[in-house]
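Visitor: Please take a close look at a single part of this structure. I would like the salt bridges, and then their surroundings.

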Amino acid sequence: GGQQLDKAFEIRSQLEELVAGSGDAEATKRLTAVYVGLGRQLEEQLARLRAEGKSEEMEKVLDGFTKFLEAIQERAEGVDFRSLNWVAETFLGLAKGLDSGGPQVSDQAKEYYTKALATYVQLIKRCEAEPGFGPEDAPLFLRVRLATALRGLRLFDKAMEAVLVVIDKQGKENRLDAQLEAAQIYQEWAEQPGKEQYYEYAIRGGNEKNGRYLVWGWGGIARRVANDYKRFEDVFHQARYNLAYCRLKLAQKASGAKRDQLLKEAELDIQRTYLLYPSLGGKEWYAKYDKLLRTIQQLRGEKSPQGLKAFESRPRPTPASSKSG
C-alpha cells in the first residue's frame, strides 16, 4: 500500500526461505494462512473504502498490490504453488471488494476477476503438467475457484459447467465447496433479466442426472450438514439464510396467492431455524436473519415489523426436527 514494492518482495522472500528451511509442515500451513488472511483483509478494506467513497485511497491500495501480484505472476516458472495460488486468491478478493453486486459487473471488478481467472487456469495447467507441483486435490479445488471467478464475470453457464466437472466426478458429489458454489451460481444467475426461475434451482437443486439432482441447492446443503451442526454451523446458516432469501426474491417476482405463500414460507424458514438454534450462528448471522425477516414482515403487510423478536415467546422444537423444512 505504501508502494515500497522492493521491500515487500524482500519480506516475502524471507518468509518463504524461513518456511522452506524449517522443514516444518505446520509452518507451511501458518504461512498459507497468513497469505489467505491478508487477501481477506484486502477484500474487506476495498469494500469499506468503496462504500465510504474514498476512491483515492482505494486506488492507492489497488495500484500497489496489482503491481506486486503481477510481478509474482510474471516469475511464475520460479514460483511455487502456494505463492501463485495466493496471487489468484488475492486477485479474486480484490475483484469481490470492487463488486457492488447486481446483474452487471463494473469494469474495474471485471478486470480483477479476469486476472484471477487467468491465474487459476495457469495453476490448473501446471498441476496437470507437473506432478507434485500442488496438492493432490488441487485441480478440483482450483476448478471451484475458477467457477467463482466466472460467476463474478456473470458468465453463469460457464461457471456452472466448471463446478459440475467437480461435482460429477466419481466420489466428489459431497464436496461442500463445490455444492456451495453451485447454489450461489444459481442464486446470482436468477438476478439476470428473465432468469428468476433459477431461484427455484438455488432452493431445491438442479442438473438432474439418473433421477437425482447433482446440485443439492440450499435446502439440500442445510439438510446434509444439520446432523453435524457444531462442525458445519457457518455452512448451515449460510444455507438456511439463503433459502429464505431466495423465497423472498421469488415472492417479489410473483403476485396474489403465490406471492403470499412464498413470503409465508420465507418467514417459516427463518422461524424454524430460530426456534432450533436461537443464537443463529452468532452476531453476524443473527443480524442478517433479523434484517431479512423485517423485510419479509413488511412485505406481508406488518406496519411495525419486529424481526426475530416476534418469535421469542413461541415454543421451541427439539433439534431432531431440524431436518424438516
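Guide: What follows starts with the charged pairs and then moves outward to the helices, the core and the overall form.

This is a predicted model, in which local features need pLDDT of at least 70 and side-chain atom pairs count only at pLDDT 80 or more, while totals for chains, interfaces and linings use all residues. Residues are numbered from 1 along each chain as its sequence is written, and side-chain values use heavy atoms, with hydrogens and water left out.

Side chains of opposite charge can pair when their charged atoms come close. Here a salt bridge is a side-chain nitrogen of Lys or Arg within 4 Å of a carboxyl oxygen of Asp or Glu. A search of the whole structure finds 18 of them.

Take Arg151 and Glu188. Their closest N and O atoms are 2.7 Å apart. The pair links distant parts of the chain, 37 residues apart: Arg151 is in helix H6 (residues 138-152) and Glu188 in helix H8 (residues 176-189). Helices (H or I, at least four residues) and strands (E, at least two) are DSSP runs, numbered from the N terminus. Both Arg151 and Glu188 are buried. Buried means under 20% relative accessible area, exposed over 50%, and partly exposed in between, with a 1.4 Å probe and protein chains only.

Next, Arg247 and Glu265. Their side chains meet in a salt bridge at 3.6 Å, N to O. Arg247 lies in helix H11 (residues 233-253) and Glu265 in helix H12 (residues 256-276), so the bridge ties together parts that are 18 residues apart in sequence. Arg247 is buried at 15% relative accessible area. Glu265 is partly exposed at 25%.

Salt bridges that share partners also join Arg48, Glu52 and Lys54 into one network. Within it, the closest N and O atoms of Arg48 and Glu52 are 4.0 Å apart. Arg48 is partly exposed, at 42% relative accessibility. Glu52 is partly exposed too, at 43%.

Back to H6. Arg145 also sits in this helix. Its relative accessible area is 19%, so Arg145 counts as buried. Leaving out residues up to four places away in sequence, Arg145 touches Glu89, Leu92, Lys96 and Tyr120. Contact means heavy atoms within 4.5 Å.

Tyr120 leads to helix H5 (residues 107-129). Tyr120 is among the buried residues of H5, which also include Tyr112, Tyr113, Leu117 and Ile124. What covers these buried residues includes helix H3 (55-74), helix H4 (81-98) and H6. H5 has 23 residues and reaches 33 Å from its first C-alpha to its last, close to the 33 Å expected at 1.5 Å a residue. That expected span is 1.5 Å times one less than the number of residues.

Now the core. A nonpolar core is a set of buried Ala, Val, Leu, Ile, Met, Phe, Trp, Tyr and Cys residues joined through side-chain atoms within 4.5 Å. The largest has 100 residues, and those with the most contacts inside it are Met160, Trp218, Ile221 and Ile270. H11 gives the largest share of this core, 11 residues. Beyond its neighbours within four places in sequence, Ile270 is in contact with residues including Ala244, Tyr289, Leu292 and Phe311.

Finally, the whole. The protein has 13 helices and 2 strands. Of its 325 residues, 47% count as buried. Along its principal axes the C-alpha trace spans about 60 × 50 × 40 Å.
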